[in-house]
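Here are some notes for reading the model alongside its sequence. Please keep the structure open while going through the points.

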Amino acid sequence: MTLIERLKDEQKAAMKAKDKPRLGAIRLALSAIKQREVDEKITLNDDDVLAVLTKMVKQRRDSVAQYEAAGRQDLADVEHAEISVLAEFMPQPLTEEEISTLMDEAIAATGAASMQDMGKVMGVLKPQIQGRADMGIVSKLVKTKLG
């Protein structure tokens with residue numbers, strides 16, 4: 001079952017259960033996926049859908065930080081709820097140990113020796129890590145390792 005099919009099944013279940021917050025979050029995800037398909041005139045595979053969901057979670061985390069800084073906990077709670085719904089459709093996050101192992105394998109596979117090879121390493125890592133770890137943090141770790 002593809003990720004889109006799973007989202008649609010969960011949408012139906014949320015409708016039947018009259019779970020409006022969950023239904024809203026799933027509809028937002030399906031809408032973002034459809035928008036990308038229309039914009040790029042393609043059909044998204046699971047990796048592409050995962051990239052959309054990852055972006056949505058990141059946006060919501062940024063919003064939570066802004067809402068909490070502004071003292072709007074009510075709005076931050078709504079964003080937290082959406083994050084938890086979206087997280088259900090994403091793979092389990094990687095541990096630091098797993099990230100380190102994948103980094104070492106990517107560096108060995110590409111023969112990377114310096115910062116100039118960072119693009120090659122990230123090119124190998126991104127498909128393995130997408131949606132399972134913060135790419136910004138992974139990028140910093142790779143810089144540290146190559147630097």
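**Notes on the pocket and the helix packing**

1. Helix 3 gives the largest share of the lining of the largest pocket, with 6 residues. Keep in mind that the model is a predicted one. Helix 3 covers residues 46-69. Helix 4 (73-87) and helix 7 (135-146) also take part, and each of these three helices supplies at least two residues of the lining.

2. How much space lies in the largest pocket? The computed value is about 540 Å³. The pocket is lined by 20 residues, and those closest to its centre are Thr54, Val57, Arg61, Ala133 and Asp134. By class, the lining holds 8 nonpolar, 5 polar and 7 charged residues.

3. For the overall layout, the chain has 7 helices and 0 strands. Read from the N terminus, the order of elements is α-α-α-α-α-α-α. The C-alpha trace spans about 55 × 40 × 30 Å along its principal axes.

4. The next points deal with pairs of helices. Two packed helices are described by the angle between their axes and by the distance between those axes. It is worth finding both values for each pair below.

5. Helix 1 (residues 3-16) meets helix 3, and their axes come within 8 Å and cross at roughly 55 degrees. The two helices are therefore oblique to each other, since an angle counts as oblique when it is not under 35, over 145 or in the range 65 to 115 degrees. On the helix 1 side the contact uses Leu3, Ile4 and Leu7, and on the helix 3 side Asp46, Val49, Leu50 and Leu53. This contact has 6 nonpolar residues, no polar ones and 1 charged one.

6. Helix 1 also packs on helix 2 (residues 20-40), where the axes come within 9 Å and cross at roughly 145 degrees. Is this crossing left-handed or right-handed? The crossing of helix 1 and helix 2 is left-handed. Helix 1 brings Ile4, Leu7, Lys8, Glu10, Gln11, Ala14 and Met15 to the contact, while helix 2 brings Arg22, Leu23, Ile26, Arg27, Ala29, Leu30, Ile33 and Glu37. Sorted by class, these residues are 9 nonpolar, 1 polar and 5 charged. Ile4 and Leu7 of helix 1 appear in the contact with helix 3 and in the contact with helix 2.

7. Helix 6 (residues 118-129) packs with helix 7 at an angle of about 145 degrees, and the axes are 11 Å apart. Their crossing is right-handed. From helix 6 the contact takes Met118, Val121, Met122, Leu125, Lys126 and Ile129, and from helix 7 Met135, Val138, Ser139, Val142, Lys143 and Leu146. The contact of helix 6 with helix 7 has 9 nonpolar, 1 polar and 2 charged residues. Helix 7 is also one of the helices that supply residues to the lining of the largest pocket.

How values were computed: Residues are numbered from 1 along each chain as its sequence is written. This is a predicted model: local features need pLDDT of at least 70, side-chain atom pairs count only at pLDDT 80 or more; totals for chains, interfaces and linings use all residues. Side-chain values use heavy atoms; hydrogens and water are left out. Axes are lines fitted to C-alpha atoms, for helices over the stretch in contact, and angles run from 0 to 180 degrees between N-to-C directions. Helices (H or I, at least four residues) and strands (E, at least two) are DSSP runs, numbered from the N terminus. Contact means heavy atoms within 4.5 Å. Ala, Val, Leu, Ile, Met, Phe, Trp, Tyr, Cys and Pro count as nonpolar, Asp, Glu, Lys and Arg as charged, and the others, Gly among them, as polar. On a 1 Å grid over the protein atoms alone, a cavity is a set of points where a 1.4 Å probe fits but cannot get out, and a pocket is an open set with protein on both sides within 12 Å along at least five of seven lines; lining residues have an atom within 4 Å of a point. Grid points are joined across faces, edges and corners, and a volume is the space filled by probe spheres set on the points. A crossing is left-handed if the near helix is turned anticlockwise from the far one by less than a right angle, and right-handed if clockwise.
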